[in-house]
Structure formats: structure tokens, C-alpha cells
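Me: Could you take a close look at a single part of this one for me? Pick the strand that sits in the middle of things and walk me through what surrounds it.

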Amino acid sequence: MSEIRVADVVEVPAQGPGRQGKMDVVIAYAVDEVRQYQIRMPREDYTPEAAKKRIEADELERLKLVNQTFTVGPPASKSK
């Protein structure tokens, strides 16, 4: 697992159906100087411990694809 540095915690107006008039918390965090990410959670669910758990889940999901190589697009046509 990576060492995480929380760069900022900001309250912002919530978005999405049923969230009008409510607030969310956006947590910006950095894995290193290049890789920086954000998570967003409802203000009513926010605690420092809940944020840590959400960041950990976000990182575990992201790491599922890190260092994988794959090809996208139509398959190459074969010559006859």
C-alpha cells in the first residue's frame, strides 16, 4: 500500500438528484508528487476515519489496473 498525504479537505455544494441544498466534502490526496486524486463524500457521512477508509478503497480499486497492459480498438485485419 502507498503512503498517502492529504493535501486538502473542502466543503462544497452537493451535486446530484436528492442532494440539492446539502454539502459534500472533497478530499484531495497525493500518493507522490505526480499522482494526486480526489474523493467526494456527503458531509453527513464525513469523519476523518471514514475519509481514510474511502481513500483506501479508492486506492485499492485504482491499483487493480496499475501496471496492466492491454490493447484497445478493432483487431488487426489478416492478409489473405
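Reply: Let's settle one cut-off before anything else: a residue is called buried when its relative accessible area is under 20%, exposed when over 50%, and partly exposed in between. Keep in mind, too, that this is a predicted model.

With that in hand, look at strand 2, residues 23–30. Of its 8 residues, 7 are buried, so the rest of the structure largely encloses strand 2.

Who are its partners? On one side of the story there's strand 1, residues 5–13. Strand 1 and strand 2 run antiparallel and pair over 8 bridges. To pin the register down, take Asp8, whose bridge partner in strand 2 is Ala28. Then there's strand 3, residues 36–42, which also pairs with strand 2 in the antiparallel sense, over 7 bridges. The link from strand 2 to strand 3 is a hairpin of 5 residues. Two rungs are handy for getting your bearings here: Ile27 has Ile39 as its bridge partner in strand 3, and Tyr29 has Tyr37.

That second rung deserves a longer look. Searching the whole structure turns up 1 aromatic pair. The rings involved are those of Tyr29 and Tyr37, with centres 5.8 Å apart and planes at 40°, so the pair counts as tilted. For the angle classes, under 30 degrees would be stacked and over 60 edge-to-face, so the rest are tilted. These two tyrosines are therefore bridge partners as well as ring partners. Their surroundings aren't alike, though: Tyr29 is buried, at 1% relative accessibility, while Tyr37 comes out at 24% and counts as partly exposed.

Now for the helix. Helix 1 takes in residues 48–63, and its 16 residues should span 22 Å at 1.5 Å a residue; the end C-alpha atoms are 22 Å apart, which agrees. Its buried residues are Ala50, Ala51, Ile55, Glu59 and Arg62. Strand 2 is part of what covers them, and the cover also includes strand 1 and strand 3. So here's where your strand meets the helix: strand 2 is among the elements over the buried residues of helix 1.

Ala51 and Ile55 turn up again at the largest pocket, which holds about 180 Å³ of space. Its lining has 13 residues, and those nearest the centre are Ile4, Val6, Ala51, Lys52 and Ile55. Strand 1 and helix 1 are the elements that give two or more residues to that lining, and helix 1 gives the most, with 6. Ala51 and Ile55 are thus both buried and by the pocket's centre.

Away from strand 2, a couple of spots are worth a click. Asp45 sits in the loop between strand 3 and helix 1, partly exposed at 46% relative accessible area. Its C-alpha atom is 39 Å from that of Thr71, which lies 26 residues away along the chain. In the segment after helix 1 you'll find Asn67, which is exposed, with 78% relative accessibility. Asn67 also has a phi near 70°, a positive value in a residue other than glycine.

Back to your question, then: strand 2 has 7 of its 8 residues buried, with strand 1 paired to it over 8 bridges, strand 3 over 7, and a share in covering helix 1.

Key:
Residues are numbered from 1 along each chain as its sequence is written. This is a predicted model: local features need pLDDT of at least 70, side-chain atom pairs count only at pLDDT 80 or more; totals for chains, interfaces and linings use all residues. Side-chain values use heavy atoms; hydrogens and water are left out. Rings of Phe, Tyr and Trp (its six-membered ring) pair if their centres lie within 6.5 Å; planes under 30 degrees apart count as stacked, over 60 as edge-to-face and the rest as tilted. Buried means under 20% relative accessible area, exposed over 50%, partly exposed in between (1.4 Å probe, protein chains only). Two strands pair if DSSP finds at least two bridges between them. Helices (H or I, at least four residues) and strands (E, at least two) are DSSP runs, numbered from the N terminus. The expected span of a helix is 1.5 Å times one less than its number of residues. Contact means heavy atoms within 4.5 Å. On a 1 Å grid over the protein atoms alone, a cavity is a set of points where a 1.4 Å probe fits but cannot get out, and a pocket is an open set with protein on both sides within 12 Å along at least five of seven lines; lining residues have an atom within 4 Å of a point. Grid points are joined across faces, edges and corners, and a volume is the space filled by probe spheres set on the points.
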